[in-house]
Amino acid sequence: MTPPAGARPPVRHPEAPAPGEIIGSHYEHCFGCGGGQPHGLHLETRAREGVRVTAEFRVKEAHQGAPGLAHGGVLATALDETLGALGWMLRVIAVTGRLETDYLRPVPVDTVLHLDAEVLAVHGRKIYCTATGRIGGPEGPVAVRADAVFIEVKIDHFIENGRSAEIQAVLADPDQVKVARALEVNP
Ligand SMILES: CCCCCCCC/C=C\CCCCCCCC(=O)SCCNC(=O)CCNC(=O)[C@H](O)C(C)(C)COP(=O)(O)OP(=O)(O)OC[C@H]1O[C@@H](n2cnc3c(N)ncnc32)[C@H](O)[C@@H]1OP(=O)(O)O
């Protein structure tokens with residue numbers, strides 16, 4: 001989790017979304033951000049200054065682990081999804097390699113989790129990043145946090161590994177292909 005010697009500070013891509021701009025879903029059926037998932041988290045992420053994004057997640061009944069409390073795995077998903085959106089700030093596609101979570105306070109159903117993620121360093125294809133989830137407002141106490149290493153991949157990662165029915169559907173959808181192309185501008 002510690003960036004190795006030779007890691008560099010992240011560089012915000014010149015075509016990154018402007019601070020305050022909503023970063024749209026990267027895939028309609030994504031459990032984290034897709035609109036087409038009834039029990040999904042429906043995270044709406046916004047670009048911020050630097051190589052940073054924020055998001056909000058309202059915990060629903062479908063997200064319970066213990067009675068009336070969010071499931072830890074669902075909270076990890078919220079952190080993971082927010083961290084994944086950082087790819088837009090670097091204009092690369094990146095998948096989670098490692099995700100280490102700390103759970104500091106229970107998060108009741110109906111709570112809004114205020115998520116904040118940023119890239120700390122980049123080393124080759126490895127992107128070192130961190131995220132917090134606060135409750136009671138954007139300045140409230142930290143309920144969950146995560147450190148992560150994301151690994152940059154090319155579109156082929158999805159084409160080669162995804163189930164063919166979904167890949168074909170994505171390739172047939174001009175909007176979705178546009179999303180994929182937009183992320184691949186970085187050489
Ligand atoms: C037409 C279709 C278009 C569709 C496009 C739609 C748009 C998509 C847009 C955006 C998508 C974003 C989605 C966000 C969703 C939220 C995030 C998730 O949940 S992602 C899912 C969970 N994660 C995985 O499924 C990864 C599974 N793992 C793998 O596939 C491989 O292990 C992979 C790609 C991560 C690495 O495999 P290698 O063969 O490419 O590369 P190697 O050589 O092993 O590693 C490269 C470097 O990374 C380090 N590394 C690899 N794994 C690591 C790890 N776990 N921890 C730390 N470092 C690791 C290695 O040590 C190496 O470092 P050294 O270059 O030698 O310094």
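**Worked exercises on a predicted model**

**Exercise 1.** Work out whether Ile23 is buried or exposed, and find where Ile23 lies.

*Solution.* Ile23 is buried, because 20 other C-beta atoms lie within 10 Å. The definition behind this step places C-beta atoms from the backbone and calls a residue buried if 20 or more other C-beta atoms lie within 10 Å of its own, exposed if 12 or fewer do, and partly exposed in between. This is a predicted model, in which local features need pLDDT of at least 70 and side-chain atom pairs count only at pLDDT 80 or more, whereas totals for chains, interfaces and linings use all residues. Residues are numbered from 1 along each chain as its sequence is written. With that numbering, Ile23 belongs to strand 1 (residues 22-23); helices (H or I, at least four residues) and strands (E, at least two) are DSSP runs, numbered from the N terminus. Leaving aside neighbours within four places in sequence, Ile23 is in contact with Pro17, Thr45, Arg46, Ala47, Val53, Ala85 and Trp88, where contact means that the C-beta atoms, placed from the backbone, lie within 7 Å.

**Exercise 2.** Establish in what order the seven strands form the open sheet, and which strands stand at the edges.

*Solution.* The order is 1-2-3-5-6-7-4, with antiparallel pairing; two strands pair if DSSP finds at least two bridges between them. Strand 1 and strand 4 stand at the edges with a single partner strand each, so one side of each has no neighbour in the sheet. Inside the sheet, strand 3 and strand 5 run antiparallel and are joined by seven bridges, and Thr54 stands opposite Asp116 of strand 5. Strand 5 also pairs with strand 6, in the antiparallel sense and over nine bridges, and here the bridge partner of Asp116 is Thr132 in strand 6. The hairpin of strand 5 and strand 6 has two residues between the strands, and in it Gly124 takes a positive phi near 60°.

**Exercise 3.** Determine which residues touch the most other members of the largest nonpolar core.

*Solution.* A nonpolar core is a set of buried Ala, Val, Leu, Ile, Met, Phe, Trp, Tyr and Cys residues joined through C-beta atoms within 7 Å. The largest one has 40 residues, of which Ala78, Leu83, Leu86 and Cys129 touch the most other members. Strand 7 supplies the largest share of this core, six residues. Taking Ala78 as an example, and not counting residues up to four places away in sequence, one finds that Ala78 touches Leu41, Leu43, Phe57, Leu113, Leu115 and Gly133.

**Exercise 4.** Compare the settings of two residues other than glycine that have a positive phi, His42 and Asp110.

*Solution.* Most residues other than glycine have a negative phi. His42, however, has a positive phi of about 50°, and its place is in the loop between strand 1 and strand 2 (44-47). His42 counts as partly exposed, because it has 18 C-beta neighbours inside 10 Å. Asp110 has a phi near 80° and lies in the loop between strand 4 and strand 5. Asp110 counts as exposed, because it has 11 C-beta neighbours inside 10 Å.

**Exercise 5.** Identify which residues come nearest to the ligand, and which element gives the most to the shell around the ligand.

*Solution.* Among the 26 residues around the ligand, Gly84, Val95, Gly97, Arg98 and Ile151 come nearest; a residue is near a molecule if its C-beta atom, placed from the backbone, lies within 6 Å of it. Strand 4 gives the most to the shell, with five residues.

Definitions and conventions
Contact = placed C-beta atoms within 7 Å.
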